[in-house]
Amino acid sequence: MKDKKIPQRMCIGCRKMFDKRDLIRVVRSSDGKVTVDITGKQNGRGAYICKEKACFERIKKTGALNRALDTTVDSAVYDEIEKGLNTFEG
């Protein structure tokens, strides 16, 4: 019996590969709304962020999330990601 393959995704900040379930997914839906995707299954263009605080700060500073999603990301989305990071640390 084969082991199930775990999907890998790249963090847009550090460009390292991680298991998909170990990343935070941010998605832009077809109507242009940007949200944090808790389930990892929402439709739309997705970008993945690892749970490193320094990596998140780099993404915020460089605008990498704006480029990855091809839109302007609202500060409320960054706040939601930061809250998620804080829960992973604690």
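Here are a few worked exercises on the structure above.

This is a predicted model, so to speak of a local feature we want pLDDT of at least 70, and side-chain atom pairs count only at pLDDT 80 or more, while totals for chains, interfaces and linings use all residues. Residues are numbered from 1 along each chain as its sequence is written, and side-chain values use heavy atoms, with hydrogens and water left out.

**Exercise 1: the core**

Find the largest nonpolar core, and say which elements supply it.

*Solution.*
Step 1. Settle the term: a nonpolar core is a set of buried Ala, Val, Leu, Ile, Met, Phe, Trp, Tyr and Cys residues joined through side-chain atoms within 4.5 Å. Buried means under 20% relative accessible area, exposed means over 50%, and partly exposed is in between (1.4 Å probe, protein chains only).

Step 2. Look at the result: the largest core has 23 residues, and I12, V26, L65 and I81 have the most contacts inside it.

Step 3. Map it onto the fold, with helices (H or I, at least four residues) and strands (E, at least two) taken as DSSP runs numbered from the N terminus. At least two core residues come from each of β3 (24–28), β4 (34–37), β5 (45–49), α1 (53–62), α2 (64–69) and α3 (75–89).

Step 4. Zoom in on L65. Leaving out residues up to four places away in sequence, L65 touches I12, V26, A47, I49, I59, V73, Y78 and I81, where contact means heavy atoms within 4.5 Å.

As background, nonpolar side chains tend to be buried together in soluble globular proteins.

**Exercise 2: the salt bridges**

List the salt bridges, and work out which residues share partners.

*Solution.*
Step 1. The criterion is a side-chain nitrogen of Lys or Arg within 4 Å of a carboxyl oxygen of Asp or Glu. With that, the structure holds three salt bridges.

Step 2. Take R25 and D37: their side chains meet at 2.5 Å, N to O. R25 sits in strand β3 and D37 in strand β4, 12 residues apart, so to speak of them as linking distant parts of the chain is fair. Both R25 and D37 are buried.

Step 3. Next comes E82 with K53, whose closest N and O atoms are 3.1 Å apart. Here helix α3 (E82) is linked to helix α1 (K53) across 29 residues of sequence. E82 counts as partly exposed because its relative accessibility is 21%, and K53, at 28%, is partly exposed too.

Step 4. E82 also pairs with K60, at 4.0 Å from N to O. K60 lies in helix α1, 22 residues from E82, and its 37% relative accessibility makes K60 partly exposed.

Step 5. Join the shared partners: K53, K60 and E82 form one network.

**Exercise 3: the pocket**

Describe the largest pocket by volume, lining and residue class.

*Solution.*
Step 1. The search runs on a 1 Å grid over the protein atoms alone; a pocket is an open set of points where a 1.4 Å probe fits, with protein on both sides within 12 Å along at least five of seven lines, and lining residues have an atom within 4 Å of a point.

Step 2. Grid points are joined across faces, edges and corners, and the volume is the space filled by probe spheres set on the points. That gives about 400 Å³ for the largest pocket.

Step 3. Its lining has 19 residues, with K20, R21, L23, I38 and G40 nearest the centre. β3, β4 and α3 are the elements that give two or more residues, and α3 has the largest share, four residues.

Step 4. Sort by class: nine lining residues are nonpolar, three polar and seven charged. Nonpolar covers Ala, Val, Leu, Ile, Met, Phe, Trp, Tyr, Cys and Pro, charged covers Asp, Glu, Lys and Arg, and the others, Gly among them, are polar.

**Exercise 4: positive phi**

Check R15 and D70 for backbone phi, place and exposure.

*Solution.*
Step 1. R15 has phi near 65°, a positive value in a residue other than glycine. R15 is in the loop between β1 (8–10) and β2 (17–19), and is exposed at 56% relative accessibility.

Step 2. D70 isn't a glycine either, yet its phi is positive at about 55°. D70 belongs to the loop between α2 and α3, and its 64% relative accessibility makes D70 exposed.
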